[in-house]
Amino acid sequence: MGKHLQLQRLPVVSGHTILHIGDDVRFSGSFAVYSGRFGNRPTLRIGNRVFIGSNVTVTCNQEVVIEDDVLIASNCRISDYDGHPSSLEKRISKGAPDPEDIRPVRIRKGAWIGCGSHIFKGVTIGAGSIVGANSVVTHDVPAYCVVAGSPARVVKTASRFQRGELRDNCIRRGGLNTSGRSEENSNASACS
Ligand SMILES: CC(C)(COP(=O)(O)OP(=O)(O)OC[C@H]1O[C@@H](n2cnc3c(N)ncnc32)[C@H](O)[C@@H]1OP(=O)(O)O)[C@@H](O)C(=O)NCCC(=O)NCCS
């Protein structure tokens, strides 16, 4: 757990998810994280200076990573598993999901997730990107663009100015390396 955590309500943690929370993280309302009985060490990593709005739910059965400086607006859902198996037999027998039905989610540095959005299993949201309100994100989102809709599609790519603004801001805060590279392909932990 990092320093200066701000909580307006106690989060609901149902299951055995391991939580890593960075510095200066703010939860501005109710927040819940759920994990199923399958999965050994489901892990939710939240980086530094992350803002999480009210009524946000994370379903974590393997790994969900929310990197530094991410904003998640209210009523969003982030899931690395759909909640029930696609197979009818498994749903009825309450069997464990197939391993490929659980896929980690990563929201990269500086992304902004608009209110009411759903981020589905296996998705990576690129650094600095924006997800429009009420979007359903089923595929990876490139860095520095705006996606919207259900399923979410790219509706805009960011200007150089916006990229520079993000980069300078993050460098000032120590979020990106000083070469200016976004560490996009790096698996280095964004979280403390
Ligand atoms: C994503 C967002 C920031 C983009 O704003 P913008 O850069 O001004 O984008 P525009 O309004 O120019 O929209 C670009 C296109 O995407 C479409 N679009 C934008 N947001 C959309 C959404 N949420 N769902 C579907 N389509 C959307 C627009 O209709 C437009 O389509 P067009 O080119 O066919 O007309 C804004 O649309 C949005 O969703 N804001 C809400 C953010 C939020 O949830 N805030 C909560 C407080 S943190």
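Ala, Val, Leu, Ile, Met, Phe, Trp, Tyr, Cys and Pro count here as nonpolar, Asp, Glu, Lys and Arg as charged, and the others, Gly among them, as polar. By that division, the shell around the ligand holds 7 nonpolar residues, 5 polar and 1 charged.

This is a predicted model, in which local features need pLDDT of at least 70 and side-chain atom pairs count only at pLDDT 80 or more, while totals for chains, interfaces and linings use all residues. Residues are numbered from 1 along each chain as its sequence is written.

**Stop 1: the whole protein.** Colour the chain by secondary structure, and 2 helices and 19 strands appear, where helices (H or I, at least four residues) and strands (E, at least two) are DSSP runs numbered from the N terminus. Of the 192 residues, 41% count as buried, a word used when 20 or more other C-beta atoms, placed from the backbone, lie within 10 Å of a residue's own, with exposed meaning 12 or fewer and partly exposed in between.

**Stop 2: the ligand.** Select the ligand and the 13 residues that surround it, of which the closest are Gly114, Cys115, Gly132, Ala148 and Val155; a residue is near a molecule if its C-beta atom, placed from the backbone, lies within 6 Å of it. Strands β18 (145-148) and β19 (153-157) each supply at least two residues of this shell.

**Stop 3: an open sheet.** Now select β3, β6, β9, β12 and β15, which in that order form an open sheet of 5 strands with parallel pairing; two strands pair if DSSP finds at least two bridges between them. Because β3 (18-21) and β15 (124-125) stand at the edges with a single partner strand each, one side of each is left without a neighbour in the sheet. Further in, β9 (residues 63-66) and β12 (residues 105-107) are joined over 3 bridges, and Ile66 has Ile107 as its bridge partner in β12.

**Stop 4: strand β5 and its partners.** Move to β5 (residues 31-34), where Phe31 and Val33 point to one face and are buried, while Ala32 and Tyr34 point to the other and are not. Strand β2 (residues 12-14) runs parallel to β5 and is joined to it by 3 bridges, with Val12 opposite Ala32. Strand β8 (residues 56-59) also runs parallel to β5, through 4 bridges, and there Ala32 stands opposite Thr57, while the bridge partner of Phe31 is Val56. From β8, continue to β11, its parallel partner over 3 bridges, where Thr57 is matched with Arg77.

**Stop 5: the nonpolar core.** Which residues touch the most other members of the largest nonpolar core? Among its 37 residues they are Val64, Ile113, Ile125, Val131 and Val137, a nonpolar core being a set of buried Ala, Val, Leu, Ile, Met, Phe, Trp, Tyr and Cys residues joined through C-beta atoms within 7 Å. The elements that give two or more residues to this core include β6 (43-46), β16 (130-131) and β18, and β9 gives the most, with 3 residues. Select Val137 and, leaving aside neighbours within four places in sequence, its contacts (C-beta atoms, placed from the backbone, within 7 Å) include Phe120, Ile125, Val131 and Val147.

**Stop 6: Ala73.** Finish in the loop between β10 (71-72) and β11 (77-79), where Ala73 lies. Ala73 counts as buried because 20 other C-beta atoms lie within 10 Å. Its C-alpha atom is separated by 5.3 Å from that of Gly114, 41 residues apart along the chain, and, outside four places in sequence, Ala73 is in contact with Gly53, Ile113, Gly114 and Cys115.

Conventions: Two residues are in contact if their C-beta atoms, placed from the backbone, lie within 7 Å.
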